[in-house]
Amino acid sequence: MNDSAGEAQPALDEIDAVLAAANVLLRVAAQSVLDVEEIVTTPQLRVLILIAASGPQNLGAVAAELGVHPSNATRTCDRLVQAGLIARTEHRADRRYLHLALTERGRDLVSHVLERRRRAIADILSRMSADQRAATARALSGFAAAAGGEGTRDGRFALSLPK
């Protein structure tokens with residue numbers, strides 16, 4: 001079977017190889033979340049990583065990122081403020097606009113999670129030859145591009161694929 005570009009469809013063993021790699025990557029990500037699960041929930045961690053990657057946010061941006069109603073975003077952010085992980089201040093020009101920024105404790109937590117992921121992936125890559133690492137990097141870059149982009153560079157996970 002061919003697609004519109006004239007290329008053969010992926011073979012089952014190719015699909016299974018990508019699924020196996022995805023399983024490993026998901027385990028790496030899940031383990032990094034487990035490290036902080038007593039401190040934050042997964043949605044709270046997503047908010048922290050969003051702010052770390054994109055700078056201070058407002059509640060509308062947080063709600064959009066989480067795909068939730070603004071009242072849910074407010075509750076999530078209230079808990080993060082209470083935990084000392086983000087600071088909430090009113091915008092000087094418009095008091096309805098809340099400015100949400102990481103505290104030092106919040107930055108430390110995000111750094112810990114992302115560093116945990118980087119170390120785990122580096123450990124796996126170190127067990128491969130230089131040629132295998134280079135081929136893997138090229139293949140994964142191509143895979144991400146075929147999915148519609150490079151993905152996030154900040155450690156967040158998008159919950160939907162581009163169409």
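Trainee: Where does A73 lie?
Mentor: A73 lies in helix 4. Keep in mind that this is a predicted model.

Trainee: Why does A73 count as buried?
Mentor: Its relative accessibility is 0%. Buried means under 20% relative accessible area. A73 therefore counts as buried.

Trainee: What touches A73, not counting residues up to four places away in sequence?
Mentor: L59, V62, A63 and V68 do. There is also a C-alpha distance to note for A73. A73 and V47 are 26 residues apart in sequence, and their C-alpha atoms are 9.0 Å apart in space.

Trainee: What makes helix 3 and helix 4 roughly perpendicular to each other?
Mentor: The crossing angle. Helix 3 covers residues 59-66 and helix 4 covers residues 70-82. Their axes come within 8 Å and cross at roughly 105°. Angles of 65 to 115 degrees count as roughly perpendicular. The two helices therefore earn that label.

Trainee: Which residues make the contact?
Mentor: On helix 3, they are L59, V62, A63 and L66. Helix 4 brings P70, A73, T74, T76 and C77.

Trainee: How do you know the class make-up of the contact of helix 3 with helix 4?
Mentor: Sort the residues by class. The contact has seven nonpolar, two polar and no charged residues. Thr is not on the nonpolar or charged list, so T74 and T76 are the polar pair.

Trainee: Now V113. Where is V113 found, and what makes V113 buried?
Mentor: V113 is found in helix 5. Its relative accessible area is 0%. The cut-off for buried is under 20%, so V113 is buried.

Trainee: Which residues is V113 in contact with, leaving aside neighbours within four places in sequence?
Mentor: S32, V36 and L45. L45 is 68 residues from V113 in sequence, and the C-alpha atoms of this pair are 9.2 Å apart.

Trainee: L45 belongs to the contact between helix 2 and helix 5. What makes helix 2 roughly perpendicular to helix 5?
Mentor: The axes of helix 2 and helix 5 come within 10 Å and cross at roughly 95°. The range for roughly perpendicular is 65 to 115 degrees. Helix 2 is therefore roughly perpendicular to helix 5. The contact is made by L45, L48, I49 and A52 of helix 2, with L109, V110, V113 and L114 of helix 5.

Trainee: How many nonpolar, polar and charged residues does the contact of helix 2 with helix 5 have?
Mentor: Eight nonpolar, no polar and no charged residues. Ala, Val, Leu and Ile count as nonpolar.

Trainee: Why is the reach of helix 1 called close to the expected value?
Mentor: Helix 1, residues 12-34, has 23 residues. The expected span is 1.5 Å times one less than the number of residues. That gives 33 Å, and helix 1 reaches 32 Å from its first C-alpha to its last.

Trainee: Which residues of helix 1 are buried, and what do they pack against?
Mentor: V28, A29, S32 and V33 are the buried residues. The buried residues of helix 1 pack against helix 2 (42-54) and helix 5 (104-126). In an α-helix there are 3.6 residues a turn, so residues three or four places apart point the same way.

Trainee: Take A137. Why is A137 called partly exposed?
Mentor: Its relative accessible area is 44%. Buried is under 20% and exposed is over 50%. A137 falls in between, so partly exposed is the label. The place of A137 is in helix 6, residues 130-146. Its C-alpha is separated by 9.9 Å from that of L125, 12 residues away along the chain.

Trainee: How does the reach of helix 6 fit what is expected, and what follows helix 6?
Mentor: Helix 6 has 17 residues and reaches 24 Å, close to the expected 24 Å. G148 follows, with a positive phi near 115°.

Trainee: How many helices and strands does the protein chain have?
Mentor: Six helices and two strands. They run α-α-α-α-β-β-α-α from the N terminus. Buried residues make up 23% of the 163 residues.

Key
Residues are numbered from 1 along each chain as its sequence is written. This is a predicted model: local features need pLDDT of at least 70, side-chain atom pairs count only at pLDDT 80 or more; totals for chains, interfaces and linings use all residues. Side-chain values use heavy atoms; hydrogens and water are left out. Axes are lines fitted to C-alpha atoms, for helices over the stretch in contact, and angles run from 0 to 180 degrees between N-to-C directions. Helices (H or I, at least four residues) and strands (E, at least two) are DSSP runs, numbered from the N terminus. Angles under 35 degrees count as roughly parallel, over 145 as roughly antiparallel, 65 to 115 as roughly perpendicular and the rest as oblique. Contact means heavy atoms within 4.5 Å. Buried means under 20% relative accessible area, exposed over 50%, partly exposed in between (1.4 Å probe, protein chains only).
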